[in-house]
Amino acid sequence: MSSTNLPHQSEELERLRALLPGWVKTSKTMCQAGKVASYIPELSKAPADALGIHVIDFSGNSVTAGDCGLSFTMQSISKVFTLLLALIDRGPEIVFDKVGMEPTGDNFNSMLKLELVQPSIPFNPLINAGAIAISSLIGGDGPEEKSERVLRFFRRLAGNPELAYDLDVYRSEALSADLNRSMAYFLKDKGVLKGKVDDVLDVYFRHCSIAVTCSDLSRMALVLANDGTDPLSGEVLIPRRYVQIAKTFMVTCGMYNASGQFAIEVGLPAKSGVAGGILTLVPGRYGIGIVGPSLNPKGNSIAGVHLLETLSQSLDWSLF
Ligand SMILES: NC(=O)CC[C@H](N)C(=O)O
């Protein structure tokens, strides 16, 4: 993939620069129809009316609008990148022995199908049960080393050596995670998890609590948009085949059980988190980071999804 932009791409970025502030303003009005997540108590402190976006192209030109300086935790967005690290560390055969490849149609924190469908492995790596199983597959000796490797990987992808945990969110989740804890014990009983449940959960809580801005998300997305090579440095960070796997999961399961509707309305690989982030990309063109902490009933940023629908439909970005 060439790192120079075609003329029509920079024209599009100029168009975006002119249009985004108005689109953000319109989408912001959706915030009041949603709710900030509160099941992790610390997340409820986020500003409910915020909406920000950062779009970056392969030459490093970017457009931002709204509250793009807001810091928030990655939450489920991190699951895409822990999956990638587990694939790099263990290879697809071992990874897909422990997690499946199918959407569930259930909530991201549902345990329903774990017992209902045999074998008892999580349906996919982007639901909580699947991501917890993935945490146990990250290479490293104990939870500290595994977490350290995750953080280092994320810093390289974001091109930001300062990425760090939000320890308040980390503690808040660790103290309120009864449901995730019960899932982890169930997975341990079924032989999906090896080692100590608390150690595996510690790795999981930590990667969910990595703090980012829209700009960090857009840089991480840019690497996926260029099939694993950072277009700005030329460095190969992830094998192309693994990016292909991750992007497919993003299309089929990235927006939880609203992924089908999102594929119809927006048509781009994306991953959301309960802190209100959305990471998405236009393959071969842009990395995009969005934040809007007010969520719809499916757990996706209500204003963020609205903004992406406007963008994709106005600029004809759908892959389908
Ligand atoms: N959907 C999410 O972003 C969920 C992540 C969150 N840390 C949890 O486990 O519940």
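**Entry 1: a loop residue**

Helices and strands here are DSSP runs, a helix (H or I) having at least four residues and a strand (E) at least two, and they are numbered from the N terminus. With that settled, I opened the model, which is a predicted one, and looked up Tyr-256. I found Tyr-256 in the loop between α11 and α12 (259–265). Is Tyr-256 buried or exposed? I counted 24 other C-beta atoms within 10 Å of Tyr-256, and 20 or more make a residue buried, so Tyr-256 is buried. Setting aside residues up to four places away in sequence, I noted that Tyr-256 touches Asn-107, Phe-108, Lys-298, Gly-299 and Asn-300.

**Entry 2: a helix residue**

Next I turned to Asn-128, which sits in helix α5 (residues 128–135). Asn-128 is buried because 22 other C-beta atoms lie within 10 Å. Which residues does Asn-128 contact, leaving aside its neighbours within four places in sequence? I listed Phe-108, Asn-109, Asn-180 and Met-183 as the contacts of Asn-128. Phe-108 caught my eye, since I had it down as a contact of Tyr-256 and now have it as a contact of Asn-128.

**Entry 3: the record**

I checked the UniProt entry, which is unreviewed, for its "binding site" annotation. According to that record, the annotation covers Ser-76, Asn-128, Glu-173, Asn-180, Tyr-204, Tyr-256 and Val-274. Both residues from my earlier entries, Asn-128 and Tyr-256, are there.

**Entry 4: around the ligand**

I then went through the residues around the ligand: Gln-75, Ser-76, Phe-108, Asn-109, Asn-128, Glu-173, Asn-180, Cys-208, Gly-273, Val-274 and Gly-299. Asn-128 is in this shell, as are its contacts Phe-108, Asn-109 and Asn-180. How many residues of the shell are nonpolar, polar and charged? My tally is three nonpolar, seven polar and one charged. I also noted that domain 1 (7–74 + 214–314) and domain 2 (76–208) each give the shell at least three residues.

**Entry 5: the two domains**

That sent me to the domain assignment, which splits the protein chain into domain 1 (7–74 + 214–314) and domain 2 (76–208). Taken over C-alpha atoms, their centres are 22 Å apart. For the contact I wrote down 32 residues from domain 1 and 30 residues from domain 2. On the side of domain 1 that touches domain 2, at least two residues come from each of α10 (214–225), α11 (240–253), β7 (270–272) and β8 (277–282). Which element gives the most to that side? I found that α11 does, with seven residues. By type, this side of domain 1 has 19 nonpolar, nine polar and four charged residues.

Technical notes
Residues are numbered from 1 along each chain as its sequence is written. This is a predicted model: local features need pLDDT of at least 70, side-chain atom pairs count only at pLDDT 80 or more; totals for chains, interfaces and linings use all residues. A residue is near a molecule or strand if its C-beta atom, placed from the backbone, lies within 6 Å of it. Ala, Val, Leu, Ile, Met, Phe, Trp, Tyr, Cys and Pro count as nonpolar, Asp, Glu, Lys and Arg as charged, and the others, Gly among them, as polar. Domain bounds come from an automatic or database domain assignment. Two residues are in contact if their C-beta atoms, placed from the backbone, lie within 7 Å. UniProt positions are given in the numbering used here, feature names are shortened, and annotations may be inferred rather than shown by experiment. A residue is buried if 20 or more other C-beta atoms lie within 10 Å of its own, exposed if 12 or fewer, and partly exposed in between; C-beta atoms are placed from the backbone.
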